[in-house]
Amino acid sequence: MKAVIQRVLSADVKVDGKVVGECNKGYMILLGVQSDDTVRDLEILIKKVVNLRIFEDDEGRMNLSLLDVGGEVLCISQFTLCADTKKGNRPSFIGAMNPDIAKGYYDNFCKGLKENGVKRIEKGIFGADMQVSLVNDGPVTIILDTELWCKREN
């Protein structure tokens with residue numbers, strides 16, 4: 001699984017011109033589910049996101065987690081994070097998980113954040129054409145990829 005975490009002051013997502021999800025101070029997360037992801041990837045990513053310390057403490061150091069600051073989450077599904085760009089100029093999305101299965105991972109990711117203490121989680125609409133707006137705080141953007149922690153045998 002891949003996640004792009006952006007520390008935000010606010011973010012929202014619209015579908016057909018209507019806001020379907022929004023958050024204040026916290027994370028706007030773009031989540032990509034790959035075809036070889038497992039429940040272990042899901043569990044590891046949830047723990048990493050919840051405990052990632054990228055909010056500033058009183059001394060200005062990135063030392064506080066989402067839980068420490070009572071942050072909110074806007075989570076957007078984004079299969080394009082699974083793009084393979086090794087060949088040519090047109091990305092291949094064959095590495096993205098089947099949408100019917102990926103939706104379950106996306107929903108369980110959001111559910112897992114809540115079960116691990118995040119109070120407010122809003123979502124986009126899975127598979128929809130969405131427009132995302134945000135005010136990036138810092139800017140701080142972190143890319144997480146469970147492949148780094150869950151070594152796969154080839």
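## How helix α2 begins

A polar contact here is a pair of N or O atoms within 3.5 Å. In this predicted model, there is one to look at where α2 starts: a side-chain oxygen of Asn 98 comes to within 2.7 Å of the backbone nitrogen of Asp 100.

## Length and far end

Helix α2 covers residues 99–115, which makes 17 residues. At 1.5 Å a residue, you'd expect a span of 24 Å, and the end C-alpha atoms are indeed 24 Å apart, so the two agree. After α2 comes Gly 117, with a positive phi near 110°.

## Two sides of α2

Which residues of α2 are buried? They are Ala 102, Tyr 105, Tyr 106, Phe 109, Cys 110, Gly 112 and Leu 113. Look down the helix axis and these buried residues fall within an arc of 160°, so they line one face of α2. The spacing fits a general rule: an α-helix has 3.6 residues a turn, so residues three or four places apart point the same way.

What does that buried set pack against? The partners are β3 (26–32), α1 (39–51), β6 (72–77) and β7 (121–123). Flip to the face turned away from the buried side and you'll find the exposed residues Asp 100, Lys 114 and Glu 115.

## A glycine in a loop

Away from α2, have a look at Gly 60, which sits in the loop between β4 (53–56) and β5 (62–65). Gly 60 is partly exposed, because its relative accessible area is 42%, and partly exposed runs between the 20% and 50% cut-offs. Gly 60 and Thr 141 are 81 residues apart in sequence, and their C-alpha atoms lie 17 Å apart in space.

Note on methods
Residues are numbered from 1 along each chain as its sequence is written. This is a predicted model: local features need pLDDT of at least 70, side-chain atom pairs count only at pLDDT 80 or more; totals for chains, interfaces and linings use all residues. Side-chain values use heavy atoms; hydrogens and water are left out. Helices (H or I, at least four residues) and strands (E, at least two) are DSSP runs, numbered from the N terminus. The expected span of a helix is 1.5 Å times one less than its number of residues. Buried means under 20% relative accessible area, exposed over 50%, partly exposed in between (1.4 Å probe, protein chains only). The arc is that of the directions from the helix axis to the C-beta atoms. Contact means heavy atoms within 4.5 Å. A polar contact is a pair of N or O atoms within 3.5 Å; within protein, one must be able to donate a hydrogen and the other to accept it, and residues adjacent in sequence count only if both atoms are side-chain atoms.
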